[in-house]
Amino acid sequence: MAQKLHLTLTTTLTLLEQFQTAITTSTSTSTSTPPPSFATETTSSAPEIKPKDALPLLSASALTLKSQITKLSLVTITSPFTAAAVQPVLTALNESVLPSLVTGALLITATEHTVAFRTEAHALTKLALTELAALLHEVQTISEKKTTELAQAEKDAVTVAAGRAWETCDALIDLAGKGVVGFVMRRVEQWRDLVRDAVGEIEEWDPDEEGDEFFDELLGEDHTGHQDEGGDSEDEDEDGEESAALHAQKKDTLRVLRPIAQVYPAIVTHRLKKTADAVAEVRTLEALMGCLREIPELVDEVAGALYEANPEKSLRFLGLAKEKAVAALQLVTLPWQGAGEDKFSAWAKTWLRVMNELSGSNDSGHGLG
């Protein structure tokens with residue numbers, strides 16, 4: 001039995017390496033055609049597995065994997081350790097659980113689920129395989145011992161490895177359960193928080209606090225004492241003009257950034273939350289993420305240029321951020337189902353008109369009710 005267990009463990013670890021390679025290869029290719037299934041069922045009566053089955057299969061397989069990991073960890077740390085208790089778990093992993101999990105992951109394509117979702121699903125699946133391999137190595141070490149009794153440190157190592165594998169399975173189950181739209185919504189909310197933080201920092205920034213006080217203190221009073229009164233007056237005038245310009249630019253910048261920040265919660269509430277995977281258009285989701293993903297970085301550049309008193313650079317990045325926000329809103333102005341305009345469509349048109357006119361007042365803050 002010990003020899004059989006050794007062979008089965010070796011087989012499982014080899015399969016894990018092969019599955020890792022298969023997922024890596026699939027992720028690096030741009031093809032939209034799902035790869036061959038790893039399912040072991042070969043009868044002609046077996047239903048064909050299609051991309052639409054990917055998420056249910058991935059979720060169910062991850063849940064089953066978590067259950068098998070629980071069994072494996074328990075039979076491993078329960079004294080006395082026996083190969084007969086571990087063997088059935090490994091057989092189940094090799095023959096059904098792992099092939100189903102990897103098949104579910106490989107059925108996820110960029111065309112059907114977006115590039116970002118495929119990347120996330122493949123990364124989590126590979127991590128699950130990695131964590132399972134770590135657990136199996138602990139089991140292998142214990143199986144090669146001459147004694148069947150385990151030290152507490154050995155039990156703890158198995159428990160920790162199982163815990164890490166559980167966490168990854170939970171992440172896979174959550175990803176598959178929420179679907180593509182749920183994944184996009186979570187990403188949009190993350191980008192929304194980044195934009196809000198950046199806008200909040202600009203709001204709190206006082207241009208009058210940015211200056212040469214540090215250098216004046218470093219040079220000491222002797223430096224300032226040698227300035228003639230006329231020079232001091234000219235410097236004060238210049239500082240006053242620069243401060244006024246920075247205050248004005250800060251105000252104008254916030255007039256644009258505040259409505260840009262409104263786009264994120266509006267899209268989440270009135271488009272993504274009301275959309276199922278079956279209705280959403282993948283190309284639109286892809287383009288939407290592309291626009292909303294770039295805005296936080298552009299806003300950071302706007303803020304950095306403001307702090308550096310570089311108005312030209314700040315305006316350039318502000319214009320780019322505005323373009324991305326406009327493009328994002330135009331993508332979802334109409335409902336997914338194409339049933340005509342709704343309340344959000346009217347709000348979006350108002351927002352777009354205000355941004356186009358570069359109104360001096362924050363008229364873009366119309367509520368959606």
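Lys349 and Glu341 make a good starting point: their side chains form a salt bridge, with the closest N and O atoms 2.3 Å apart. Lys349 itself is partly exposed, at 42% relative accessibility. Please keep in mind that this is a predicted model. The protein chain has 12 helices and 0 strands, and the points below move from the overall fold to a buried residue, the salt bridges and a charged patch.

**Overall fold**

- Followed along the sequence, the protein chain reads α-α-α-α-α-α-α-α-α-α-α-α.
- The protein chain has 369 residues, and 41% of them count as buried.
- Take the contacts between residues at least 6 apart in sequence: 82% of these join residues at least 24 apart.
- About 19,200 Å² of the protein chain is exposed, and carbon and sulfur atoms supply 52% of that area.

**A buried residue in helix H10**

- Leu285 sits in helix H10.
- Leu285 counts as buried because its relative accessibility is 1%, and the cut-off for buried is under 20%.
- Leaving aside residues up to four places away in sequence, Leu285 touches Thr114, Val180, Val181, Val184, Leu272, Ala280 and Trp336.
- One of these partners, Val181, is 104 residues from Leu285 in sequence, yet the two C-alpha atoms are 8.0 Å apart in space.

**Salt bridges**

- The count for this model comes to 13 salt bridges.
- Within helix H6, Asp174 and Lys178 lie 4 residues apart, about one turn of the helix.
- The side chains of Asp174 and Lys178 meet in a salt bridge, at 3.5 Å from N to O.
- That pair belongs to a network of salt bridges that links Asp174, Lys178 and Arg186.
- Asp174 is partly exposed, with 31% relative accessibility.
- Another salt bridge joins the side chains of Arg192 and Asp193, with an N to O distance of 3.1 Å.
- The two partners fall into separate accessibility classes: Arg192 is buried, at 18% relative accessible area, whereas Asp193 is partly exposed, at 34%.
- The reason is the 20% cut-off: buried means under 20% relative accessible area, and partly exposed covers the range from there up to the exposed class, which is over 50%.

**A negative surface patch**

- Asp197, Glu201, Glu204, Glu297 and Asp300 form a negative surface patch.
- Two elements give two or more residues each to this patch: helix H6, spanning 152-204, and helix H10, spanning 282-307.
- Helix H6 supplies the largest share of the patch, with 3 residues.
- Glu297, one of the patch residues, is placed in helix H10.
- Glu297 counts as exposed because its relative accessibility is 57%, and exposed means over 50%.

**Two faces of helix H10**

- Helix H10 is worth a second look, as it holds both Leu285 and Glu297.
- Leu285 is buried at 1% relative accessibility, while Glu297 is exposed at 57%.
- On the buried side of this pair, Leu285 has contacts that include Val180, Val181 and Val184.
- On the exposed side, Glu297 is part of the negative patch, together with Asp197, Glu201, Glu204 and Asp300.

Conventions
Residues numbered from 1 in each chain as written. Predicted model: local features only at pLDDT ≥ 70, side-chain atom pairs only at ≥ 80, totals over all residues. Heavy atoms only, no water. Patch = residues over 30% accessible without salt bridge, like charges linked within 9 Å, V, L, I, M, F, W, Y side chains within 5 Å. Areas by Shrake-Rupley, 256 points an atom, 1.4 Å probe, with all protein chains shown as cover. Salt bridge = Lys/Arg side-chain N within 4 Å of Asp/Glu carboxyl O. Lys, Arg positive; Asp, Glu negative; His and termini not counted. Charge placed at Lys NZ, Arg CZ, Asp CG, Glu CD. Buried < 20%, exposed > 50% of the residue type's maximum accessible area, 1.4 Å probe, protein only. Contact = heavy atoms within 4.5 Å.
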